[in-house]
Structure formats: C-alpha cells, structure tokens
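The following exercises concern the arrangement of domains, helices and ligand in one structure. Each task is followed by a solution in steps.

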Amino acid sequence: MAAVKPISNEPSFRKSVDLMFDRAVGLMDLPPGLKEKIRVCNATYTVRFGVRLRGEIRTFTGYRSVHSEHMEPVKGGIRYSMAVNQDEVEALAALMTYKCALVEAPFGGSKGGLCIDPREWDEHEMERITRRFAYELIKRDMINPAQNVPAPDMGTGEREMAWIADQYARMNTTDINARACVTGKPLHAGGIAGRVEATGRGVQYALREFFRHPEDAKAAGLSPTLEGKRVIVQGLGNVGYHAARFLSEEDGAKITAVIEHDGGLVDPDGLDPEDIRQWIAVHGGVTGYPGAQYVERGEVLLEAECDILIPAALEGVINLSNARRIRAPLIIEAANGPITSGADEILREAGTVIVPDMYANAGGVTVSYFEWVKNLSHIRFGRMQRRQEESRHQLIVDELERLSADQGTGWKLSPGFKEKYLRGAGELELVRSGLDDTMREAYQSMREVWHGREDVSDLRVAAYLVAIERVAQSYKAKGL
Ligand SMILES: NC(=O)c1ccc[n+]([C@@H]2O[C@H](COP(=O)([O-])OP(=O)(O)OC[C@H]3O[C@@H](n4cnc5c(N)ncnc54)[C@H](O)[C@@H]3O)[C@@H](O)[C@H]2O)c1
C-alpha cells in the first residue's frame with residue numbers, strides 16, 4: 001500500500017511549512033528582513049558517496065540541512081528512507097527550529113537524510129553505509145557536539161546513533177565531549193534512560209495536558225478525559241507504537257484502528273499495540289494479523305470515525321484529496337508535517353482541533369537535550385541531584401516512620417514505601433518529570449496565545465507565534 005499522495009497542485013512539504021509560517025508571521029510586528037531571515041534555510045549540504053557492497057560500488061545520496069543557527073549546536077534527526085530529498089530535509093529542519101524554540105531546548109534547527117531502503121541491507125552493510133555517511137558529515141563539522149548534533153528519525157534508531165558516535169570518536173580522539181556529538185544512543189554508549197520512547201511519551205503528555213483543560217476538550221466537542229477515547233494511529237514505528245501503548249495501558253484510551261504500510265487493522269473493542277508490534281517484527285507488516293479485521297487500503301482508516309487521530313508515520317498523508325472526509329474532531333500530529341497547508345485550512349474551517357507537530361512530537365528533542373547535557377557534564381544524570389534529594393527525602397521518610405511506629409496515630413506505612421519513595425530520584429524519573437514539565441509549559445505558552453488573542457483561532461498559529469518570537473529575540477540579541 002502506498003501512502004496517500006498529496007494531489008499534484010499542492011505545494012511541496014517545504015512550501016507547506018513556509019505557508020504555515022507566513023500565516024503566523026503575518027500577525028507579527030517584526031522587520032520584514034528579520035521575518036525572511038527566520039524563514040529561509042541557511043544551508044543544505046548534499047553528499048554522494050560510494051560504498052563497496054556485494055562486489056560492486058554503490059552510490060548513496062545524503063543531506064544535512066541547517067535551517068537556523070540562532071543557537072548552536074543545531075539539532076535534528078537523521079532519516080533513512082527512499083523518499084528523502086532536499087525539499088523534505090529543509091522542511092524538517094525548519095520544523096526543528098520552531099520546535100526547539102517552542103519547548104525552549106537551546107538549539108537551532110537541522111535535519112539530515114539518506115536515500116536508502118534500510119530493509120534492503122543487512123546489519124553489517126548498514127553499519128558500513130552509516131559510518132561512511134557519518135564520516136562525510138563529521139569531516140565538514142556537520143556532526144559535532146558544539147555545532148550539529150543529530151538524533152534518530154524515521155528508519156534510524158539507537159543502533160545507527162551508536163555507530164555515528166563511535167565514528168566521531170575515532171575521528172576526534174582528543175575530544176572529551178565526543179559522546180555529545182549525537183543523541184538517541186543506547187544507554188551503554190552514553191544514552192539516557194527514556195530516550196527511545198520519549199517522542200511517544202511526549203505525545204501522551206501532550207494529550208494529557210490538552211484534556212486537563214475542559215474548554216480545550218470542548219473546542220473539539222470531547223469530554224475532558226482520555227479514558228475510553230477511540231484512537232486511530234497511523235504508523236506503529238517508534239513514535240506511534242509508544243504513543244499507542246502508553247495511551248491504552250496508562251490512560252484507558254482504546255486503539256480502535258492501526259494503519260501500517262501494508263494495510264490497516266480495526267477492532268472497535270481496542271487493539272493491543274504490543275501484540276501487533278511483535279507481529280510486525282516477525283512478518284514485516286500487519287497483513288495476516290489474526291486478532292483484528294484487516295483493511296487492505298489502510299489509508300481509508302484515516303477517515304474512520306474516532307475521537308483522536310494520531311498520524312505517526314509520514315508527511316502529507318492528510319491533504320486536499322482526503323481532508324474533507326476526515327471525521328476525527330481532534331488530530332495530534334505525532335509525525336512531522338502529516339497535514340498539508342491546504343488540508344489544514346479545510347480542517348480548521350470544519351472545526352477540527354489540531355495539536356501541531358512542532359509541539360506534539362517535541363518529546364524526542366527534549367530528552368535529547370537531557371542526553372546532550374548528561375554527556376557534556378560527564379556525570380550520570382541524576383547522580384548529583386540524587387544525593388541532595390535523598391537527604392531531603394530521608395528526613396520525610398524518617399518522620400513518617402516515626403509517626404507510623406507511634407501506636408497513637410492509628411496508621412502504618414505500607415511495605416516497600418520507603419524503597420519506592422527513595423528510588424524516585426533516579427535517571428528515568430528525572431527524565432520523565434523533566435519531559436512532563438516541558439510539555440506542560442510549552443502547552444501553556446501556546447494556549448495563552450490561542451485563547452488570549454482575537455486574531456488567533458488555532459493551536460498551530462499560536463505555536464508558530466511563540467516559536468518565531470523566541471527565535472527573533474535570539475537574533476536580535478545577537479545584534480542581527
Ligand atoms: N523518532 C523520533 O524520536 C521522532 C521525533 C520527532 C518526530 N518524529 C517523526 O515521527 C514520524 C515517525 O517517525 P518514527 O521514528 O516513529 O519512524 P519509524 O521508522 O520508527 O516508524 C514509521 C512507521 O510508519 C510505518 N509506515 C511507513 N509507511 C507507511 C504508510 N504509507 N502508511 C502507514 N504507515 C507507514 C512504518 O512501517 C513504520 O512502522 C516521522 O514523521 C518523524 O519525523 C520522530
């Protein structure tokens with residue numbers, strides 16, 4: 001099954017992002033030259049390199065685009081897909097600039113991509129290709145802890161990030177900060193607890209925050225709780241799988257449909273994301289999955305009735321060809337750019353509430369920021385804080401134990417409380433609470449603009465307004 005293709009008269013992904021930017025910046029009082037400076041992509045590097053594979057030299061094309069260096073390093077994932085092209089990396093790099101500004105991660109925006117179908121190559125071949133691509137970027141300072149720090153995106157994960165980190169370390173043997181050259185690494189290679197699932201976790205926190213405000217839920221015609229909500233997820237990869245799992249296991253939402261590259265699955269009583277993920281790992285897709293109704297043209301499920309639609313795969317899947325048939329009252333853009341600018345307009349007019357990508361999937365870059373700081377500080381994250389926290393918590397626990405031992409109080413501490421309470425300052429807990437705080441604060445900043453300005457009617461334009469204002473402040477502070 002192919003993705004829903006934007007119809008030919010729609011602007012490209014890059015243009016679509018620019019149109020959304022223009023809609024917001026038109027409401028701002030900034031010098032025209034500064035608006036233009038923020039909008040344009042600073043530079044895009046294209047590399048073609050050869051790797052000897054299976055007895056012949058194969059040439060690959062890759063990109064690293066830097067959208068904005070108002071803060072350095074710049075940050076953004078590396079994508080492996082046959083659809084990667086310059087327009088796409090530039091659009092994704094621009095979104096990274098706005099995303100980092102919105103969640104106040106102190107980075108400029110960047111993105112990379114390699115035209116490759118990872119399923120075509122075995123692990124050893126993937127390592128050689130990745131190391132060679134990394135070599136090309138490292139020698140031009142396009143991977144560097146102080147200048148440009150990649151992370152995983154579609155088609156890449158911890159494995160590729162570990163190879164990139166090792167390649168950088170080999171080429172920069174005296175750089176004590178080498179590990180901070182890339183984030184999303186495995187724990188044993190300098191990664192941080194909770195990074196793998198961070199983007200999906202962020203989607204969950206974003207939805208929790210949305211439903212914490214009854215007026216916001218009401219704007220979508222929904223009751224203010226995630227419990228029992230019918231959710232459709234497109235793409236059961238890193239982001240979609242974790243979001244689906246957390247929402248169903250921890251918030252009582254029902255995953256009523258899942259859309260994958262080879263079709264869709266439906267069960268009005270709720271699907272089990274973990275079980276489907278295991279099936280996909282073995283069979284390469286959802287085809288043949290026994291536990292649900294199979295739909296060959298999975299993309300039609302984007303139009304099915306539900307409460308929350310989570311596109312978590314590709315860009316441009318909701319476009320002029322299907323926007324009028326979308327029935328979800330609330331869409332949260334877990335993927336980057338899943339709604340084209342034309343479809344965005346149709347959906348807004350129809351009253352659909354859209355939680356925009358730059359906020360919805362910012363969990364990844366937020367936890368990447370924690371990982372980068374951890375690598376630069378050369379201390380296990382949480383270790384210092386833990387000492388302080390532990391002594392404070394110890395005082396509380398001692399007091400509770402004293403009261404518990406006092407017959408007169410009539411209550412007892414439950415078994416294991418002390419251990420559980422004192423454990424609460426570990427790395428994973430710090431990462432989760434830091435992510436939760438970040439998602440809450442970013443939502444508040446967007447929400448204030450959404451509800452506070454008469455000329456703002458949607459969350460996307462509100463998010464752009466907050467982000468552009470912060471980028472503009474940085475440029476002004478630099479004297480531009
Ligand atoms: N990984 C991250 O931390 C991260 C962070 C921010 C944003 N994102 C964005 O989230 C999206 C997904 O990224 P990911 O890391 O989960 O990628 P991934 O490669 O782990 O998963 C993508 C999933 O989409 C499926 N898919 C591919 N084509 C499809 C189609 N036509 N219809 C339905 N499903 C299809 C794939 O089979 C796969 O399961 C991308 O837009 C990416 O830029 C990812």
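## Exercise 1: Domains in contact

Task: State how far apart the C-alpha centres of domain 1 and domain 3 lie, and describe the contact between the two domains.

Solution. The C-alpha centres of domain 1 and domain 3 are separated by 31 Å. The contact draws eight residues from domain 1 and ten residues from domain 3. On the side of domain 1 that touches domain 3, α3 contributes the most, with four residues. By class, that side of domain 1 has five nonpolar, three polar and no charged residues. For reference, the domain assignment of the chain places domain 1 at 43-189, domain 2 at 198-363 and domain 3 at 382-477.

The coordinates belong to a predicted model. The chain has an average pLDDT of 94, and 95% of the residues score at least 70. The scores of the model are ipTM 0.99 and pTM 0.92.

## Exercise 2: Helix α3 against helix α16

Task: Determine how α3 and α16 are oriented to each other, and list the residues that make their contact.

Solution. Step one takes the geometry: helix α3 (residues 86-102) packs with helix α16 (residues 459-477) at an angle of about 85°, and their axes are 8 Å apart. Step two classifies the angle: α3 and α16 are therefore roughly perpendicular to each other. Step three names the residues: Thr97, Tyr98, Ala101 and Leu102 of α3 make the contact with Ala463, Tyr464, Val466, Ala467, Arg470 and Val471 of α16. Step four sorts the residues of this contact by class, which gives eight nonpolar, one polar and one charged.

## Exercise 3: Helix α1 against helix α16

Task: Repeat the analysis for α1 and α16.

Solution. Helix α1 (residues 13-25) packs with α16 at an angle of about 75°, and the axes are 9 Å apart. An angle from 65 to 115 degrees counts as roughly perpendicular, so α1 and α16 are roughly perpendicular to each other. From α1, the residues Met20, Phe21, Arg23, Ala24 and Val25 meet Arg460, Val461, Tyr464, Leu465 and Ile468 of α16. The contact of α1 with α16 comprises eight nonpolar, no polar and two charged residues.

## Exercise 4: The shell around the ligand

Task: Which residues come nearest to the ligand, and between which domains does the ligand lie?

Solution. There are 24 residues around the ligand, of which Gly235, Gly237, Ala313, Ala335 and Gly364 come nearest. Two elements, α8 (238-250) and β7 (254-260), give two or more residues to the shell. The largest share, three residues, comes from α8. Sorted by class, the shell around the ligand holds eleven nonpolar, eleven polar and two charged residues. Both domain 1 (43-189) and domain 2 (198-363) give residues to this shell, so the ligand lies between them.

## Exercise 5: Backbone exceptions

Task: Where are proline 73 and arginine 54 found, and what is the backbone geometry at each?

Solution. The general expectation comes at the outset: most residues other than glycine have a negative phi, and most peptide bonds are trans. Glutamate 72 and proline 73 are joined by a cis peptide bond, with omega of about 5°. Proline 73 is located in the loop between β2 (56-68) and β3 (74-81). Arginine 54, although it is not a glycine, has a positive phi of about 50°. Arginine 54 is located in the loop between β1 (43-53) and β2.

Notes
Residues numbered from 1 in each chain as written. Predicted model: local features only at pLDDT ≥ 70, side-chain atom pairs only at ≥ 80, totals over all residues. Axes fitted to C-alpha atoms, helices over the stretch in contact; angles between N-to-C directions. Parallel < 35°, antiparallel > 145°, perpendicular 65-115°, else oblique. Contact = placed C-beta atoms within 7 Å. Nonpolar A, V, L, I, M, F, W, Y, C, P; charged D, E, K, R; others polar. Near = placed C-beta within 6 Å. Domains from an automatic or database assignment. pLDDT = per-residue confidence, 0-100.
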